[in-house]
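Please keep the model open in your viewer and follow the stops below in order. Each stop names a selection and then says what is found there.

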Amino acid sequence: MKKIYFYIILSNTHIMLLKKRLLFLFFFLNVFCHAQKCETKNAFHYSGRVEKLSGDKVYLAGSASSVSFNFKGNSCVISLQSIDSWEHHNYVSLELDGEYIGRLKIEKGPLQFFPIVVSKNKNIHTLTIYKATEASNGLVLFAGTTAKLCKTTTKKKKKIEFIGDSITCGMGNDATITPCGIGEWFDQHNAYLAYGPVVSRALNADFILSSVSGIGMYRNWNDEHKDEAIMPDVYENLYLNNTANKKPYDFTFQPDLVSICLGTNDFSEGDGKKERLAFNEEKYVSNYIHFIKTVYKHAPNTRIVLLNSPMVSGDRNITFVKCLKKVIQAFENDTAHKPIALFEFQPMNPKGCGYHPDIADDQNMANQLTPFFKKLLDEK
């Protein structure tokens, strides 16, 4: 039997076209293969008041401070430790692929290991670990993960700083693990679900919380600035403290907007046992003016917004707003900075622990603030 051979005669044009297609196929396969690889350099992204350590470890210090990373696979393990001089537990909140997946309790003692299981069918996942408790509860050490890490890239976003007290910390808002009135005073903390982070996520903005429960502008909830530090004393310190182990904060986070919600504790009557003087309007306004100058020193290009409190009502709120307007008036001829804005919350009967907002109340506050903040950010 004769063998029959078929020959395909290609013109120069056909040969060139075939070469182009082969080159395109090689380029596509090369890009695809590289896309499947994870680059581990710059694998972690840190936000908020944090202290970076060696070997990608970090102390989460302030409320809602966080560490974030991308990884491949359907599970990983994270290692965390509660670091504090009086050795108590802490909490973190977890966000996986943009969704809140709950809060973890970190018991006192050695490093603890927490498994993270992925439910979404994705090639690359993103996990963010937020400190749910506040600076005065001590540090949370993030000591690493077993995850197959991928390079973390961050997009440029608008930035907001929220300065405040327990409301801004998210104190008493989350009783899903421990009911109100049970456990430690911080067992219901969830800074991730406080109004500030909720507003920031709605606006796709980066944020930082500079907040301390019980703190005020010239006095605190149950102290006439005799034994305890006020916000102007601690603001420039990383841990928001005024003790021997204080460290300076670097202020590398340059906010487009600074929200100040301080006054609830200045107007408070305390516990009714300790001596409490009448509210001193002059001291409050004077301290507020000087504090704003401190904020401008570190963030000269920011725009400041003063907030009243949903926990202050009636005649006290009338005085509160009057004081805030006096503070704004002191800067009306300041041409070096953008005009200071005022925002007033609607009256609220908070349903969280210890007469604090709960998660729904925080969402309500965020719903009120979001369009106002969006308008100011859009003007920049």
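Of the 380 residues of the chain, what percentage count as buried? The answer, for what is a predicted model, is 51%. With the whole chain still selected, colour it by secondary structure, and you will find seven helices and 16 strands. The accessible surface of the chain comes to about 19700 Å², and 55% of that surface belongs to carbon and sulfur atoms. Among contacts in the chain with a separation of 6 or more, 74% are accounted for by residues 24 or more positions apart.

**First stop: helix H3**

Select residues 195-202, which form helix H3, and look at how much of the helix is covered: six of its eight residues are buried. The buried ones are Tyr-195, Gly-196, Pro-197, Val-198, Val-199 and Ser-200. Around them, bring up strand E12 (159-164), helix H2 (166-169), strand E13 (206-211), strand E14 (257-261), strand E15 (303-307) and H7, since the buried residues of H3 pack against these elements. Just after H3, select Asn-204, where phi is positive at about 55°.

**Second stop: H3 against H7**

Now add helix H7, residues 359-379, whose axis lies 8 Å from that of H3 at an angle of about 45°; the two helices are therefore oblique to each other. The crossing in which H3 passes H7 is right-handed. To see the contact itself, show Tyr-195, Val-198, Val-199 and Ala-202 on the H3 side, and Asp-362, Gln-363, Met-365, Ala-366, Leu-369, Thr-370 and Phe-373 on the H7 side. By class, the residues of this contact between H3 and H7 comprise eight nonpolar, two polar and one charged.

**Third stop: H5 against H6**

Move to helix H5 (residues 281-298) and helix H6 (residues 314-329), which pack at an angle of about 45° with their axes 9 Å apart. This angle makes H5 oblique to H6, and H5 passes H6 in a right-handed crossing. From H5, display Glu-281, Tyr-284, Val-285, Tyr-288, Ile-289 and Ile-292, and from H6 display Thr-319, Phe-320, Lys-322, Cys-323, Leu-324, Lys-326 and Val-327, which together make the contact. The residues of the contact of H5 with H6 are nine nonpolar, one polar and three charged.

**Fourth stop: Ala-143 in E10**

Select Ala-143 in strand E10, residues 139-145. Is this residue buried or exposed? With a relative accessible area of 18%, Ala-143 is buried, because the cut-off for buried is under 20%. Leaving aside residues up to four places away in sequence, Ala-143 touches Lys-57, Ser-79 and Leu-111. A C-alpha to C-alpha distance drawn from Ala-143 to Gln-81 should read 7.7 Å, although the two are 62 residues apart in sequence.

**Last stop: two loop residues with positive phi**

Most residues other than glycine have a negative phi, which is a reason to look at the next two selections. His-225, which is not a glycine, has a positive phi of about 65°; select it in the loop between E13 and helix H4 (231-234), where His-225 counts as partly exposed at 35% relative accessibility. Then select Tyr-355 in the loop between strand E16 (341-343) and H7. The phi of Tyr-355 is also positive, near 60°, and with a relative accessible area of 43% Tyr-355 is partly exposed.

How values were computed. Residues are numbered from 1 along each chain as its sequence is written. This is a predicted model: local features need pLDDT of at least 70, side-chain atom pairs count only at pLDDT 80 or more; totals for chains, interfaces and linings use all residues. Side-chain values use heavy atoms; hydrogens and water are left out. Axes are lines fitted to C-alpha atoms, for helices over the stretch in contact, and angles run from 0 to 180 degrees between N-to-C directions. Helices (H or I, at least four residues) and strands (E, at least two) are DSSP runs, numbered from the N terminus. Angles under 35 degrees count as roughly parallel, over 145 as roughly antiparallel, 65 to 115 as roughly perpendicular and the rest as oblique. A crossing is left-handed if the near helix is turned anticlockwise from the far one by less than a right angle, and right-handed if clockwise. Contact means heavy atoms within 4.5 Å. Ala, Val, Leu, Ile, Met, Phe, Trp, Tyr, Cys and Pro count as nonpolar, Asp, Glu, Lys and Arg as charged, and the others, Gly among them, as polar. Buried means under 20% relative accessible area, exposed over 50%, partly exposed in between (1.4 Å probe, protein chains only). Accessible areas come from the Shrake-Rupley method with a 1.4 Å probe; for residues, only the protein chains shown count as cover.
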